[in-house]
Amino acid sequence: MSETILVAVAWPYANGPIHHGQLGGAYLPADIFARYHRTKGNRVLMVSGSDAHGTPVTVRAENENRTPGEVVEEYHTGFLETWQRIGISFDLFTSTATANHATVSQGIFRSLLNAGYLYTAAQTLHFDAEAQRFLPDRYVEGACPHCGYDKARGDQCDDCGRQLNAADLIAPRSKISGTTPVLRESEHYFLKLSALSDQLEEWLGHDKEHWRKHVLNFSLGMIREGLHDRPITRDIDWGVPVPVDGFTQKRIYVWFEAVIGYLSAAKEWAQRSGDPDGWRDFWQNPDAKSYYFIGKDNVPFHTIVWPAMLMGVGGLALPYDVPANQYITMSGSKASTSQNWAVWVLDYLSRYDPDPLRYALASQMPETSDSDFSWSEFLRRNNDELVGTWGNLVNRVLTFTARHFDGKVPDPGPLDEEARRLLDATQSALDSVDASLHAVHLRQGLQTAFGLAQEANRYLDATAPWRTIASDRQAAARSLYTALNVIAGLRTVLYPYLPFTCTVLHGYLGAQGTVEEAGWRLAALTPGAKLGDPQPLFRKLDPSIIEEEEARLGA
C-alpha cells in the first residue's frame, strides 16, 4: 500500500549562498528521503522556499544600501540554480514574499486569535537611541543568561540552543550602531505557548520511538523547564502585515510566519498543479506523514512552536518526525559565511561534479553528532570509494561485457552457489537499505550499499572472468551476469544518494524510463538484452586539489 509523504525542508534566509553545512544538514537528507519514497511508488510532496523576512536579509540590505526585496531576489535565484545543479528535487521551492504566503499566514494568525491563543501585552524592547528605532531580536547581541556565550542573539543562543528574549541578554549591544540600547515598551501580540504546554508534552511523550533521541530529549526538556509565551509581532516595516486594526505599522514576526510556509507552499503547489484542494491530502489525511528536515538550531520551532500553532488552529497534521541533524564543520571549525569558511555549493560545482559532494556529505551525515568536512577526506572518498570501489566495479564489468559479449547481457546458464549467494545478498541489501531509509537512517543505508559493492568486487576478483573467458566462456558469462545484476540492484539503492550517475548507469544497463519509474525492486536482467556504451561514472582527482581548495578558505 502506497504512503503519502510530506517532506518539509528548512527555509534558508535569502541573504547568502548555500554552503556544504546547510546542504548536508537539511537539503541533501530531504532529497535522499524524497527520492527513495518516489522510487517506492509513494506519493511525495517536497516543499520549501526562501525566507524573505528574516532579519539577516534586512541586515545585508542595509549594509549594501539595497532594498530587502533586491537581496531576496538575488539569493532566491541562486538557490534555484543550486537545487537544480546539485539535484535537490523540490516539488516547489517558493518564497515567503508571495501574496499566497501572506494570506495563509494571516489566516493562521486570525484562527489562533479567534481561538484565544493570541493576546496583546506591553513588551519591553531594546531601542537604539542613535538610530532612533526599535531593534528586532537579531539586531541585538549580548551574553546568554544561561551559558554565558557572548555572541548570543536576541532570539536564540547558538551555543546552548535555548530560545531567548532579547531583554534577558547580558551586556546587550546594537548591531546597527554598536551602542548599548535602552529599554522601551511597545504593544505586541503574544502566542500563548503556556496554555498548550500539557498538550505538547502529552504529544511528545506518545509514540515517538522513531524520533532521534537528541531531538526528543531536548524538546521535552524545554517543556519541563516551563514554556513562556512568545511575542509574534515586531516594530519593523519588512514582512507580513498584522491583520488587525491599530497594528498597521508592525509586522508578523518571522519565526511565526516562516514555519507557516510549509502549509502555504503546499497550498501554492496545489494551485499550480490545477487541483486547489490537493494540499489537503498531505495536511488533513490521517494516514499522511510529515517529515521536517532541519538543523539542530531549528529544533524548538519545529517540535514545540509549530506543533503548538497547529494544535491551536486544529484540523492540520502534526509532524510525524523531525529528523534534525547536527552541524557539519569545515576542517575542524564551524562554517562561517562572514569568514568565508565553507564550501559554497555553486562555487564547488564550477570545478567538480555533483554526486561526489553528495556522496561525501551523505557518508558522514551528522545524524547523531557533529561531523567534519575536509578536502583531504573528500579526495579520499572520491578516489578510493567512488572511483576505486563503485566506479571500478561498474566500469570493468560493463567494458568487459561490451568487449566479449557484444555489449549484451550474457546468458549465465545454471547459477552456482556463489552466484546465488551474491544475488541473495543483493536482495537483502535492497531490503536493508529500504528499512534504513524508511527510518531516516540515511548514512546507514549508504554503508549497506557500499558493503554490497565491496562484496561484488571480491566476487569478481575470485571468479576472474578475464582469465576464464578463454578457457571457460560459460563461467565468465555467469560471473558477468551475476555482477551485472548486482550493479542493477546497486543502481536502485544508490539512486537517492547519487542521482546523476545512477541515471547514467540506468541507460548503460539498457533500461528505459527513469530509475524512479523502474521502482524499488531487483528485476533480473534479461540475457541477450542490449547494454549501453559505458564510460567511467567518476573521475579521479589529483591530490593537488587539497592545497588549492584549502587556500580558498577564509580568503
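Two colleagues talk through cavities, a pocket, a buried residue and the nonpolar cores of this model.

Colleague: Before we start, what kind of model is this?

Modeller: A predicted one, where local features need pLDDT of at least 70 and side-chain atom pairs count only at pLDDT 80 or more, while totals for chains, interfaces and linings use all residues. Residues are numbered from 1 along each chain as its sequence is written, and side-chain values use heavy atoms, with hydrogens and water left out.

Colleague: How many cavities of 30 Å³ or more does the structure hold?

Modeller: The general idea: rolling a probe the size of a water molecule over the atoms shows where empty space is left. On a 1 Å grid over the protein atoms alone, a cavity is a set of points where a 1.4 Å probe fits but cannot get out, and lining residues have an atom within 4 Å of a point. Grid points are joined across faces, edges and corners, and a volume is the space filled by probe spheres set on them. Here there are two such cavities. The largest has a volume of about 40 Å³, and its lining is Y352, D353, P356, F378, N382, R539 and L541.

Colleague: N383 follows in the numbering. Is N383 buried or exposed?

Modeller: Buried means under 20% relative accessible area, exposed over 50%, partly exposed in between (1.4 Å probe, protein chains only). N383 counts as buried because its relative accessibility is 11%. N383 sits in helix α13 (residues 375-404); helices are DSSP runs of H or I, at least four residues, numbered from the N terminus. Contact means heavy atoms within 4.5 Å. Beyond its neighbours within four places in sequence, N383 is in contact with G388, K540 and L541.

Colleague: And which residues touch the most other members of the largest nonpolar core?

Modeller: In soluble globular proteins, nonpolar side chains tend to be buried together. A nonpolar core is a set of buried Ala, Val, Leu, Ile, Met, Phe, Trp, Tyr and Cys residues joined through side-chain atoms within 4.5 Å. In this one, of 168 residues, the answer is W283 and W390. Helix α17 (residues 473-494) gives the most to this core, with 12 residues. Apart from it lies another core of eight residues, including Y139, V140, A152 and L164.

Colleague: What volume does the second largest pocket have?

Modeller: A pocket is an open set of points with protein on both sides within 12 Å along at least five of seven lines. This one has about 410 Å³. Of its 19 lining residues, Q163, M222, E225, G226 and H228 are the closest to its centre.

Definitions and conventions: Helix = DSSP H or I, 4+ residues; strand = E, 2+ residues; numbered from the N terminus.
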